[in-house]
Amino acid sequence: MNPTSASFSSVVPKKIRVIGVPLDLGQSRRGVDMGPSAVRVAGLAEQKKEGHPHAKYLKEITATCAKHAEQVIKTLESGKVPIVLGGDHSVAAGTVAGVAEFYRRQNQKIGLIWIDAHSDINTPESSPSGNVHGMPLAAIMGLGPPELANILNFSPKVSPENCVLVGVRDIDAVEKENVRKAGIEVFTMRDIDERGMRTVMEEALRMAGRGTAGYHISLDMDWVDPEDAPGVGTPVRGGATYREAHLAMEIIADDGHMLSFEIVEVNPVIDEHNRTAELAVELTLSAFGKKIL
């Protein structure tokens, strides 16, 4: 994308606040905690015990997410749109809690579009690794772990009919049952291949938006193919292309109902020349209305 040819002229101005959450305890591989710094560099403004082996660092992650949720609420109260930079995807349990609570106080629901190679709906009982970055959607939907699910003392944070998974291609066997149990909407990479990104995104936005104030976008950079986003925590071949990823963000911007946005799992330690962080910046700008013409 050529920054000089882009135009923001048709976009309603919005105040935003960038919130960096350098959390990497949700997975085994260190490095994604540097993601917020790497994304900022690309152009957008002590050892602990693991704890329970089936939900490593759960206490610390829950404390971080609870604090983060309060920051998100304050951001929305000040009339700004939160842009959250993870860290690993477990941060989403805090982000969604904060956004949902802000609108709950106004007797409104929110939707959630979870754009990811993985469904992140494991529980401590089902997780093969015990890594909490595979559990935030389970927490958001009230399936567990309870500490993370009950941030701000309500659960679930989003109704199943307003929660949509987009672009999944790597789901653990037990997770498939959790997806069905949660009753959420799912579009796999096959759906995108067969029906096209435009159709899938328009349907996803409609589902997330029905009866809600709007929706939160939670974007894991491993959704993009490793050819274009090599610096992620858990790369999986067969993801969205560079153009498909931009198109998805552009369709979100056109729809105009995004309440908040987060981008996670950028790992500069395994990135190539900061390519993944730079793409994260580009996709964020597209989601907020940057156009080619």
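This text walks through a helix, a buried threonine, a surface patch and the cysteines of a predicted model.

Start with helix H6, which spans residues 173-182. Its buried residues are Glu 175, Asn 178, Val 179 and Ala 182. These residues cover an arc of only 105 degrees around the axis, so they sit on the same side of H6. The other side of H6 looks outward: Ala 173, Arg 180 and Lys 181 are exposed there. What lies over the buried side? The cover of the buried residues of H6 includes two strands, S4 and S5. Strand S4 runs over 163-168, and strand S5 over 185-188. Now step off the end of the helix. Gly 183 follows H6. The phi of Gly 183 is positive, near 75 degrees.

Next, move to helix H3, residues 92-104. Thr 95 is found in this helix. Is Thr 95 buried or exposed? Its relative accessibility is 0%, and the cut-off for buried is under 20%, so Thr 95 counts as buried. Which residues does Thr 95 touch, leaving aside those up to four places away in sequence? The contacts are His 68, Val 72, Val 84, His 216 and Glu 262. One of these partners, Glu 262, falls within strand S7, which covers 258-264.

Strand S7 also leads to the surface. Between S7 and helix H10 (275-287) there is a loop, and Ile 270 lies in it. Ile 270 has a relative accessible area of 33%. Buried means under 20% and exposed means over 50%, so Ile 270 is partly exposed. Ile 270 also belongs to a nonpolar surface patch. Met 34 and Val 269 are its partners there. The patch made by these residues measures about 240 Å² in computed area.

Finally, consider the cysteines. How many disulfides does a search of the whole structure find? The count is zero. Take Cys 65 and look for its closest cysteine sulfur. That sulfur is in Cys 163, 16 Å away. A disulfide needs the two sulfur atoms within 2.5 Å, so this pair is too far apart for a bond. The search from the other end gives the matching result: for Cys 163, the closest cysteine sulfur is in Cys 65, again at 16 Å. Both cysteines are also hidden from the surface. Cys 65 counts as buried because its relative accessibility is 1%. Cys 163 counts as buried because its relative accessibility is 0%. Cys 163 brings the tour back to its start, as residue 163 opens strand S4, part of the cover over the buried residues of H6.

Methods. Residues numbered from 1 in each chain as written. Predicted model: local features only at pLDDT ≥ 70, side-chain atom pairs only at ≥ 80, totals over all residues. Heavy atoms only, no water. Buried < 20%, exposed > 50% of the residue type's maximum accessible area, 1.4 Å probe, protein only. Helix = DSSP H or I, 4+ residues; strand = E, 2+ residues; numbered from the N terminus. Arc of directions from axis to C-beta. Contact = heavy atoms within 4.5 Å. Patch = residues over 30% accessible without salt bridge, like charges linked within 9 Å, V, L, I, M, F, W, Y side chains within 5 Å. Areas by Shrake-Rupley, 256 points an atom, 1.4 Å probe, with all protein chains shown as cover. Salt bridge = Lys/Arg side-chain N within 4 Å of Asp/Glu carboxyl O.
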